[in-house]
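Student: I should like to take a close look at a single part of this structure. Could you describe one strand together with its surroundings?

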Amino acid sequence: QVQLVESGGGLVQAGGSLRLSCAASGSIFRVNAMGWHRQAPGKQREMVAVITSGGSTNYADSVKGRYTISRDNAKNTVYLQMDSLKPEDTAVYYCNVLISNIVLRTTEYWGQGTQVTVSS
């Protein structure tokens, strides 16, 4: 079984920064794409950033230029550096990882979510 453990959320003032981490462990043969989604109250969950196994990145327009996604393949960990935070960034952030097992069955996993709150 695969577990994702998220950390790094918290309360920060507008203009501040946070760094989220998500570490995958368990039955892992290959970690494919990794990313972050967020969900604010009353809103649909939205993709904010993804990074492929080759290191290509994509960002939602709302965070482009402020967020940076990266990965440490040796640690099976994905990071999200969030700078210049705005109150509208307030949401629960979920790690999302595509993992293949040794027989190449690919499964999508989600972290437990970590709260990010940005105050004015």
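Tutor: What follows is an account of one strand, its partners and the charged side chains around it.

This is a predicted model, in which local features need pLDDT of at least 70 and side-chain atom pairs count only at pLDDT 80 or more, while totals for chains, interfaces and linings use all residues. Residues are numbered from 1 along each chain as its sequence is written, and side-chain values use heavy atoms, with hydrogens and water left out.

The part chosen is strand β4, residues 30–39. Strands are DSSP runs of E with at least two residues, and helices are runs of H or I with at least four, numbered from the N terminus. Of the 10 residues of β4, 7 are buried, so the strand is largely enclosed by the rest of the structure. Here, buried means under 20% relative accessible area, exposed means over 50%, and partly exposed lies in between (1.4 Å probe, protein chains only).

Consider the partners of β4 next. Two strands are said to pair if DSSP finds at least two bridges between them. With strand β9 (residues 91–100), β4 pairs in the antiparallel sense over 8 bridges; within this pairing, Val31 has Ile99 of β9 as its bridge partner. With strand β5 (residues 46–51), β4 also pairs in the antiparallel sense, over 5 bridges. β4 and β5 form a hairpin with 6 residues between them, and Gly42 in the turn has a positive phi of about 75°. In a regular strand the side chains alternate between the two faces of the sheet.

One residue of β4 deserves particular attention, namely Arg38. This residue stands opposite Glu46 in β5. Side chains of opposite charge can pair when their charged atoms come close. A salt bridge is a side-chain nitrogen of Lys or Arg within 4 Å of a carboxyl oxygen of Asp or Glu. Arg38 and Glu46 form such a bridge, with the closest N and O atoms 2.9 Å apart. Glu46 counts as partly exposed, at 32% relative accessibility, whereas Arg38 is buried, with a relative accessible area of 6%.

Arg38 also meets the side chain of Asp89 in a salt bridge, at 2.9 Å from N to O. Arg38 lies in β4 and Asp89 in the loop between β8 (77–82) and β9, so the pair ties together parts that are 51 residues apart in sequence. Asp89 is buried, with a relative accessible area of 1%.

Asp89 in turn forms a salt bridge with Arg66, at 2.7 Å from N to O. This pair links distant parts of the chain, 23 residues apart: Arg66 is in the loop between β6 (57–59) and β7 (67–72), and Asp89 is in the loop between β8 and β9. Arg66 is buried, with a relative accessible area of 11%. Arg38, Glu46, Arg66 and Asp89 are thus linked in a network of salt bridges, and the structure holds 4 salt bridges.

Another arginine, Arg45, has its charged end over the ring of Trp110, 4.8 Å from the ring centre. A charge sits over a ring if NZ of Lys or CZ of Arg is within 6 Å of the ring centre and within 35 degrees of the ring normal. Arg19 is placed likewise over the ring of Tyr79, 4.3 Å from its centre.
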